[in-house]
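Here's a quick briefing to read with the model open beside you. Take the topics in any order you like.

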Amino acid sequence: MKKKDFKIFENGIEQQIEYYTSVDEAFTVVLLIDRSDSVAPIINDLKKAAIAFVDQPRPNDRAVGIAFDRKIYILNNKVRDRETLKNSIQNMTT
């Protein structure tokens with residue numbers, strides 16, 4: 001991922017990224033998804049965005065999906081199994 005792929009906000013104000021470097025090492029990204037009743041009106045948009053995000057990392061990178069409401073739900077046990085993660089996101093409800 002490149003510097004242009006990130007934005008950092010503090011109290012709603014975008015902050016300038018002072019230092020950024022990319023590495024060629026594999027990394028693990030954790031995708032934390034709110035599935036509480038408060039997101040019910042936008043759950044389909046949220047799922048589309050999350051699924052699109054899952055396809056962004058490189059093939060050697062790992063992804064873990066975690067959904068939450070009043071409980072925590074692990075969406076995929078295998079960090080390289082993106083299809084299971086995408087299916088879990090697609091089937092997610094509030």
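How many salt bridges does the structure hold? The count is 5, and several of them come up below. Keep in mind that this is a predicted model. The protein chain has 2 helices and 5 strands, and along the sequence they follow the pattern β-β-β-α-β-β-α.

**Overall build**

- The C-alpha atoms of the protein chain fit in a box of roughly 40 × 35 × 20 Å, taken along the principal axes.
- Of the 94 residues in the protein chain, 28% count as buried.
- Take the contacts between residues at least 6 apart in sequence: 58% of these join residues at least 24 apart.

**The sheet**

- Three of the strands make an open sheet, ordered S3-S4-S5, and the pairing is mixed.
- S3 and S5 (72–74) are the edge strands; each has a single partner strand, so one side of each has no neighbour in the sheet.
- On average, neighbouring strands in this sheet are turned by 25 degrees against each other, ignoring direction.
- S3 and S4 (residues 62–68) run parallel and are joined by 7 bridges.
- If you want to trace that pairing on screen, Thr28 has Arg62 in S4 as its bridge partner, and Leu32 has Ile66 in S4.
- S3 also has two faces to look at: Val29, Leu31 and Ile33 are on the covered one, while Thr28, Val30, Leu32 and Asp34 are on the uncovered one.
- So Thr28 and Leu32, the two residues just traced into S4, both belong to the uncovered face of S3, because that face is made up of Thr28, Val30, Leu32 and Asp34.

**Salt bridges**

- As a bit of background, side chains of opposite charge can pair when their charged atoms come close.
- Asp5 and Lys4 meet through their side chains in a salt bridge, at 3.5 Å from N to O.
- Of these two, Asp5 is partly exposed, with a relative accessible area of 39%, and Lys4 is exposed at 67%.
- Asp61 has a salt bridge with Arg58, and their closest N and O atoms are 3.0 Å apart.
- Is Asp61 buried or exposed? Asp61 is buried, because its relative accessible area is 1%, under the 20% cut-off.
- Its partner Arg58 is partly exposed, with a relative accessible area of 29%.
- Lys86 pairs with Glu83 in another salt bridge, again with the closest N and O atoms 3.0 Å apart.
- Both Lys86 and Glu83 sit in helix H2 (residues 82–90), 3 residues apart, which is about one turn of the helix.
- Lys86 counts as buried at 14% relative accessibility, whereas Glu83 is partly exposed at 48%.
- Salt bridges with shared partners tie Asp55, Glu83 and Lys86 into one network.

**Aromatic rings**

- There is 1 aromatic pair.
- That pair is Phe6 with Tyr20, and the geometry is tilted: the ring centres are 5.7 Å apart and the planes are 45 degrees from each other.
- The pair links distant parts of the chain, with Phe6 in the segment before S1 and Tyr20 in the loop between S2 (13–15) and S3 (28–34), 14 residues apart.
- Phe6 counts as partly exposed at 38% relative accessibility, and Tyr20 is partly exposed too, with a relative accessible area of 30%.
- Elsewhere, Arg35 lies over the face of Tyr73, at 4.3 Å from the ring centre.

**The start of the chain**

- Lys2 is in the segment before strand S1 (8–10).
- Is Lys2 buried or exposed? Lys2 counts as exposed, because its relative accessibility is 55% and the cut-off for exposed is over 50%.
- Lys2 and Ser22 are 20 residues apart in sequence, and their C-alpha atoms are 6.8 Å apart in space.

Technical notes
Residues numbered from 1 in each chain as written. Predicted model: local features only at pLDDT ≥ 70, side-chain atom pairs only at ≥ 80, totals over all residues. Heavy atoms only, no water. Helix = DSSP H or I, 4+ residues; strand = E, 2+ residues; numbered from the N terminus. Buried < 20%, exposed > 50% of the residue type's maximum accessible area, 1.4 Å probe, protein only. Phe/Tyr/Trp six-rings, centres within 6.5 Å; stacked < 30°, edge-to-face > 60°. Lys NZ or Arg CZ within 6 Å of the ring centre and 35° of its normal. Pairing = 2+ DSSP bridges. Axes fitted to C-alpha atoms, helices over the stretch in contact; angles between N-to-C directions. Salt bridge = Lys/Arg side-chain N within 4 Å of Asp/Glu carboxyl O. Contact = heavy atoms within 4.5 Å.
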